[in-house]
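Please find below a note on the structure shown here. It is set out as numbered points for a reader who is new to such descriptions.

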Amino acid sequence: MSVMTELQVGLDTRSYPIWIGAGILERLAELLDGRDFPRRLALVSNPVVADLYAERLGAGLEAAGYRVERIIVPEGEEHKNLDTYRRIMTSLIESGFDRRSGLIALGGGVIGDLTGFVAATYLRGIPFLQVPTSLLAQVDSSVGGKTGVNHPLGKNLIGAFYQPRGVLIDVDTLKTLPEREFHAGMAEVVKYGVIRDRAFFDWLDDSWQRILRHDREALVHLVEKSCQTKANIVESDEKEKGLRAILNYGHTFGHAVETLAGYGEVRHGEAVAMGMKVAAEIAHRKGCCSADEVRAVCDLLQKFRLPVAPPEFALDELMAAMLRDKKVQDGRLRLVLNVGIGDCRIDEIDDPRSLFAAVLSH
Ligand SMILES: NC(=O)c1ccc[n+]([C@@H]2O[C@H](COP(=O)([O-])OP(=O)(O)OC[C@H]3O[C@@H](n4cnc5c(N)ncnc54)[C@H](O)[C@@H]3O)[C@@H](O)[C@H]2O)c1
Ligand SMILES: O=C(O)C(=O)C[C@@H](O)[C@H](O)[C@H](O)COP(=O)(O)O
Ligand SMILES: [Zn+2]
């Protein structure tokens, strides 16, 4: 019997489980037992992940009496858009999915965000499950209910808060994940340490070699710890009225890089790593952290083979993209800045152009 941990995301409206373990993909039907999840399902995935895992996931469900159809969409961030959203919608409508149907997102964050947004809006909302298979999706995107798609002018500008009914994380799926994607996922893991948990940051710093060797015990620990940290933040501020915005550390700049680079060229986690370096340097200029702490953040990101130097873009373009960030209020940029390592705060920035010019010319 495979070992499994169950965490809960406790919300006012509905709580849901996060099941974390190794070799638990086949157990979804058993885990859903008694949970009143729809019996007619569409499993949404991309060709790469579907080839690897759709059969195993689907077979277990079908054996338990679920009816599972597959909807396969093209792979990649450049397809996290309204065209793909419309394609999934059309498949559901043509196949006659009704309000007693449900969706399963099998894949990385792109599939999870897209499928969640379809689930939020199809017939005004049907239940869905997250089955994340990339590290980034296992430690971040599958938890918390941010769903949506990109617009050519900015990341995730179209979407909804819509929580899954459950999240099934099988760390064994990481065995087939390309190394570059594994490293990209580590950016969001390091983020939790920097903004919230000094001890976890130190553990990552001590354990980076085990993690890069994909030591299973280390992987399970970091996935559990990341999901627990994210769940705690989401539980206290589901719709980002305040605290939740700290999860955006590194993202104001990172999202601008993703947008300007053309979605997909730079991975989300890589762009976030670049944004974390910029945020740490700004935090240092504002007296929130020492030069040694900036170095410690960059060193840890680089141990996980993450790039921290952004591609060169015109400052005006970067500023325009950053001003479309969802944290902007009354046209003013707000940044998450680390306070030392393990804590953070959100600052409104007075003269962002000069600040970014200074930091980027360094
Ligand atoms: N909703 C949220 O809270 C949230 C949080 C963080 C990131 N995101 C979003 O998530 C997306 C990034 O997610 P991602 O990094 O998972 O990218 P992704 O979904 O593009 O997956 C990365 C690559 O890995 C492949 N892949 C996934 N699992 C695999 C496996 N087990 N074996 C082999 N290949 C596998 C995919 O096919 C893809 O090529 C971005 O769009 C980002 O905006 C959302
Ligand atoms: O869950 C959150 O809240 C996050 O901010 C997590 C981020 O890692 C994630 O990339 C999120 O999609 C960014 O949020 P956005 O609101 O800026 O699109
Ligand atoms: Zn992110």
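The points below take up the domains, the two ligands and one pair of helices in a predicted model.

1. Division of the chain. The domain assignment splits the protein chain into domain 1, residues 4–176, and domain 2, residues 179–360. Taken over C-alpha atoms, the centres of domain 1 and domain 2 are separated by 25 Å.

2. Where the domains meet. Contacts link 31 residues of domain 1 with 31 residues of domain 2. On the domain 1 side, at least two residues each come from β1 (4–9), β2 (16–21), α5 (135–141) and β8 (154–161). Helix α5 gives the largest share of this side, 5 residues. By class, the side of domain 1 that touches domain 2 consists of 16 nonpolar, 10 polar and 5 charged residues.

3. Annotation from the record. An unreviewed UniProt entry places the feature "domain: 3-dehydroquinate synthase N-terminal" at residues 71–183. In the model, residues 71–183 are 34% helix and 29% strand, with end C-alpha atoms 28 Å apart. For residues 185–328, UniProt lists "domain: 3-dehydroquinate synthase C-terminal", again from an unreviewed entry. The span 185–328 is 68% helix and 0% strand, and its end C-alpha atoms lie 26 Å apart.

4. Surroundings of ligand 1. There are 32 residues around ligand 1, and those that come nearest are Gly-108, Gly-109, Val-110, Ser-134 and Ser-141. At least two residues of this shell are supplied by each of α2 (47–63), α4 (109–121), α5, β8, α6 and α10. The shell around ligand 1 comprises 9 nonpolar, 14 polar and 9 charged residues. Domain 1 and domain 2 each give at least three residues to the shell.

5. Surroundings of ligand 2. Which residues are around ligand 2? They are Asp-140, Gly-144, Lys-146, Lys-155, Asn-156, Glu-188, Glu-240, Arg-244, Leu-247, Asn-248, His-251 and Lys-326. Sorted by class, this shell has 1 nonpolar, 4 polar and 7 charged residues. Ligand 2 lies between domain 1 and domain 2, because both domains give residues to the shell around it.

6. A pair of helices. Two packed helices are described by the angle between their axes and the distance between the axes. Helix α6 (residues 179–196) and helix α10 (residues 268–285) have axes that come within 6 Å and cross at roughly 40°. The crossing of α6 and α10 is left-handed. From α6, the contact is made by Ala-184, Gly-185, Met-186, Ala-187, Glu-188, Lys-191 and Val-194. From α10, the residues in the contact are His-268, Gly-269, Glu-270, Val-272, Ala-273 and Met-276. By class, the residues of the contact of α6 with α10 are 7 nonpolar, 3 polar and 3 charged.

7. A residue with two roles in this description. Glu-188 belongs to the contact made by α6 with α10, and Glu-188 is also among the residues around ligand 2.

Conventions:
Residues are numbered from 1 along each chain as its sequence is written. Chains are lettered from A and ligands numbered from 1 in the order in which they are written. This is a predicted model: local features need pLDDT of at least 70, side-chain atom pairs count only at pLDDT 80 or more; totals for chains, interfaces and linings use all residues. Axes are lines fitted to C-alpha atoms, for helices over the stretch in contact, and angles run from 0 to 180 degrees between N-to-C directions. Helices (H or I, at least four residues) and strands (E, at least two) are DSSP runs, numbered from the N terminus. A crossing is left-handed if the near helix is turned anticlockwise from the far one by less than a right angle, and right-handed if clockwise. Two residues are in contact if their C-beta atoms, placed from the backbone, lie within 7 Å. Ala, Val, Leu, Ile, Met, Phe, Trp, Tyr, Cys and Pro count as nonpolar, Asp, Glu, Lys and Arg as charged, and the others, Gly among them, as polar. A residue is near a molecule or strand if its C-beta atom, placed from the backbone, lies within 6 Å of it. Domain bounds come from an automatic or database domain assignment. UniProt positions are given in the numbering used here, feature names are shortened, and annotations may be inferred rather than shown by experiment.
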